[in-house]
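Today I am opening the notebook on a ligand and its surroundings. Have a look at the model with me before I start.

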Amino acid sequence: MNAKDVIIACDFSSKEATLEFLDKFKEEKPFVKIGMELYYAAGNDIVKEIKRRGHKIFLDLKLHDIPNTVKKAMRVLSELDVDMTNVHASGTIEMMRAAIEGLTRPDGTRPLLIAVTQLTSTSEEAMRNQLLIDATIGDTIIKYAQNAKEAGLDGVVCSPLEAGIVKEACGNDFMTVTPGIRFADSGKDDQVRITTPERAREIGSDYIVVGRPITAAEDPVEAYRKCVKGFLAK
Ligand code: C5P
């Protein structure tokens with residue numbers, strides 16, 4: 001049985017704004033996602049500071065390059081002691097295997113490694129006309145997830161609505177990490193394929209990634225608790 005948790009997407013542009021946000025949490029130590037914007041702005045400093053404060057970290061940098069480069073980059077990231085990181089599955093099975101090799105520390109431990117399948121911003125039309133991929137989004141997601149599993153990765157990032165088909169194709173132990181979460185009574189922002197924390201759990205998400213419904217809430221701690229209650233309720 002996989003761990004289940006709510007990950008807050010800390011999409012802030014500076015270290016100060018991120019720490020000010022995390023200071024609001026006095027009782028809980030939420031699992032935090034650091035994406036490209038924050039990492040490129042604040043670098044390893046912010047990763048180390050959030051880790052020092054006792055949070056788990058998903059470093060969402062979506063690596064995609066030749067296998068040797070990804071392996072070496074992952075070796076550097078492995079020293080940061082994050083709990084989860086990711087690559088693009090479209091980099092091929094060989095690249096994903098190289099990523100695991102680089103990420104594995106001398107003592108054999110490593111952060112969880114997951115793959116981005118097809119970005120939710122890519123439409124089937126763009127896949128066909130620009131990328132010359134003549135398959136449905138669903139089939140592509142399943143194939144990329146199977147490739148990630150074959151390479152030895154722990155799971156994939158996908159829409160909560162796709163978590164069920166990924167589990168069917170790759171087994172229940174293969175993790176699904178799903179953004180696109182909204183409360184039933186709130187707006188969608190720019191997300192299209194969304195669902196609630198409760199429904200995400202039912203469909204098969206292991207981790208939900210929640211940004212604006214928590215970071216832009218009037219009371220972020222209350223919104224976080226609402227997510228945890230909805231997602232982790234038996
Ligand atoms: O604010 P919101 O809840 O929409 O944030 C979702 C987070 O998940 C953002 O950091 C976004 O970049 C990320 N994400 C996503 N869809 C994907 C992959 C990542 O929304 N397919």
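I began with the ligand's shell (residues with a heavy atom within 4 Å of it): strand E8 (207–210) and helix H9 (212–215) each give at least two residues to it. Helices (H or I, at least four residues) and strands (E, at least two) are DSSP runs numbered from the N terminus. This is a predicted model, where local features need pLDDT of at least 70, side-chain atom pairs count only at pLDDT 80 or more, and totals for chains, interfaces and linings use all residues. Residues are numbered from 1 along each chain as its sequence is written, and side-chain values use heavy atoms, with hydrogens and water left out.

Next I listed the shell, and found Val209, Val210, Gly211, Arg212 and Pro213 among its residues. By class I noted five nonpolar, three polar and four charged residues. Here Ala, Val, Leu, Ile, Met, Phe, Trp, Tyr, Cys and Pro count as nonpolar, Asp, Glu, Lys and Arg as charged, and the others, Gly among them, as polar.

Then I looked up polar contacts (pairs of N or O atoms within 3.5 Å). Lys33 places a polar side-chain atom 2.9 Å from a ligand oxygen atom, and Arg182 does so at 2.8 Å. From Arg212, I found a backbone N or O atom 2.7 Å from an oxygen atom of the ligand. The protein covers 83% of the 470 Å² of accessible area that the ligand has on its own (Shrake-Rupley method, 1.4 Å probe).

Which pocket does the ligand's space correspond to? I found that it is the largest pocket. A pocket here is an open set of points on a 1 Å grid over the protein atoms alone, where a 1.4 Å probe fits, with protein on both sides within 12 Å along at least five of seven lines.

Terms used
Polar contact = N/O pair within 3.5 Å; in protein donor to acceptor, adjacent residues only side chain to side chain. 1 Å grid on protein atoms, 1.4 Å probe; cavity = no way out; pocket = protein on both sides within 12 Å on 5 of 7 lines; lining within 4 Å. Sits in = over half its atoms within 2 Å of the grid points.
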